[in-house]
Amino acid sequence: MNVLIVYAHPEPRSLNGALKDFAVQHLRAAGHAVQVSDLYAMEWNATLAASEIPERVHHRADILREQEKLRWADTVIFQFPLWWFSMPAIMKGWVERVYTLGFGYGVGEHSDRRWGDRYGEGTLSGKRAMLVVTAGGWESHYSPRGINGAVDELLFPIHHGILYYPGMEVLPPFLVYKARSMGEQRFAAITEQLGQRLDTLATTPPIPYRRQNHGDYDIPAMILKADIAPAASGFAAHLA
Ligand SMILES: Cc1cc2nc3c(=O)[nH]c(=O)nc-3n(C[C@H](O)[C@H](O)[C@H](O)COP(=O)(O)O)c2cc1C
């Protein structure tokens, strides 16, 4: 399997650095090919330029290289520390620049039966994606009634809007809470669990998001049909 790890942390000697190094070694030892986009080390330009907005698009070499890595990958892992309830800005800027018109969005025909290739279909369909996220907060803080908001809801814009949108199947995330209190023993237990998730990348059932063009939504309003999960609303309504 070809695995791309898109990784954002400025400090190689961080927990994230150690988890990324572990993942690379573990995957290679299992016979997989691994590429890492280490965004800070690459000094990734996270700012979409005027020449890159769709009307006057000019794709720079750095964007084309990342698109090539995505095409190469069977599985894409996005690894980052949770910063202000989301991915670090450098990774958001990677998405903004790499997901160009005709690649990340604006793919496929629009008609009264389908609204482009997106949400389960698109350039990256057939690939799997997984987030590896560390957070300073506790698991309870991110539980369904926790003050930080339920983690599934916090991650929905990334899972559904960034990974599922261009077609990837989204695996449940690997989360490390209380990431600032990390002893040797805890680190060993966490890498053991991460190793199991890496060993089952190809077989773990993805999050069952509804597909856009398979009958659940009214097109072009893109609202769930009245008879589909009538009591459901919000993010959870898009789970089949
Ligand atoms: C700028 C910044 C923003 C942060 N925002 C959050 C946050 O929103 N929620 C949270 O649980 N932890 C937050 N943290 C804590 C980090 O998630 C935590 O320090 C990190 O996951 C630890 O991993 P590391 O040692 O590899 O950096 C933040 C840390 C920084 C530096």
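Here is a short chat about the strands, cores and one charged residue of a predicted model.

Trainee: What should I know about the model before we start?
Mentor: It's predicted, so local features need pLDDT of at least 70 and side-chain atom pairs count only at pLDDT 80 or more, while totals for chains, interfaces and linings use all residues. Side-chain values use heavy atoms, with hydrogens and water left out, and residues are numbered from 1 along each chain as its sequence is written.

Trainee: Which residue in S2 stands opposite Ile5?
Mentor: Strands here are DSSP runs of E, at least two residues, and helices are runs of H or I, at least four, numbered from the N terminus. Two strands pair if DSSP finds at least two bridges between them; S1 (residues 2–7) and S2 (residues 33–38) are parallel with six bridges. Across from Ile5 in S2 sits Val36.

Trainee: And which residue in S3 stands opposite Ile5?
Mentor: S1 also runs parallel to S3 (residues 75–81), joined by five bridges. There, the residue facing Ile5 is Ile77.

Trainee: What is the nearest side chain of opposite charge to Asp38?
Mentor: Asp38 belongs to strand S2 and is buried (under 20% relative accessible area with a 1.4 Å probe, protein chains only). Asp38 has no salt bridge, that is, no side-chain nitrogen of Lys or Arg within 4 Å of its carboxyl oxygens. With Lys and Arg counted as positive, Asp and Glu as negative, and His and chain ends not counted, the nearest opposite charge, 4.3 Å away, is Lys20.

Trainee: Which element gives the largest share of the largest nonpolar core?
Mentor: A nonpolar core is a set of buried Ala, Val, Leu, Ile, Met, Phe, Trp, Tyr and Cys residues joined through side-chain atoms within 4.5 Å. The largest one has 39 residues, with Leu70, Phe78, Phe80 and Trp94 making the most contacts inside it. Elements giving two or more residues to this core include S1, S3 and S4, but the largest share, seven residues, comes from H4.

Trainee: How many of the residues of S4 are buried?
Mentor: Arg128, Met130, Val132 and Thr134 point one way from S4, and Ala129, Leu131 and Val133 the other. In a regular strand, side chains alternate between the two faces of the sheet. Both sets in S4 are buried, and the tally is seven of seven.

Trainee: In S4, what is the bridge partner of Phe80?
Mentor: S3 and S4 run parallel, joined by seven bridges. Phe80 has as its partner in S4 Val133.

Technical notes: Buried means under 20% relative accessible area, exposed over 50%, partly exposed in between (1.4 Å probe, protein chains only).
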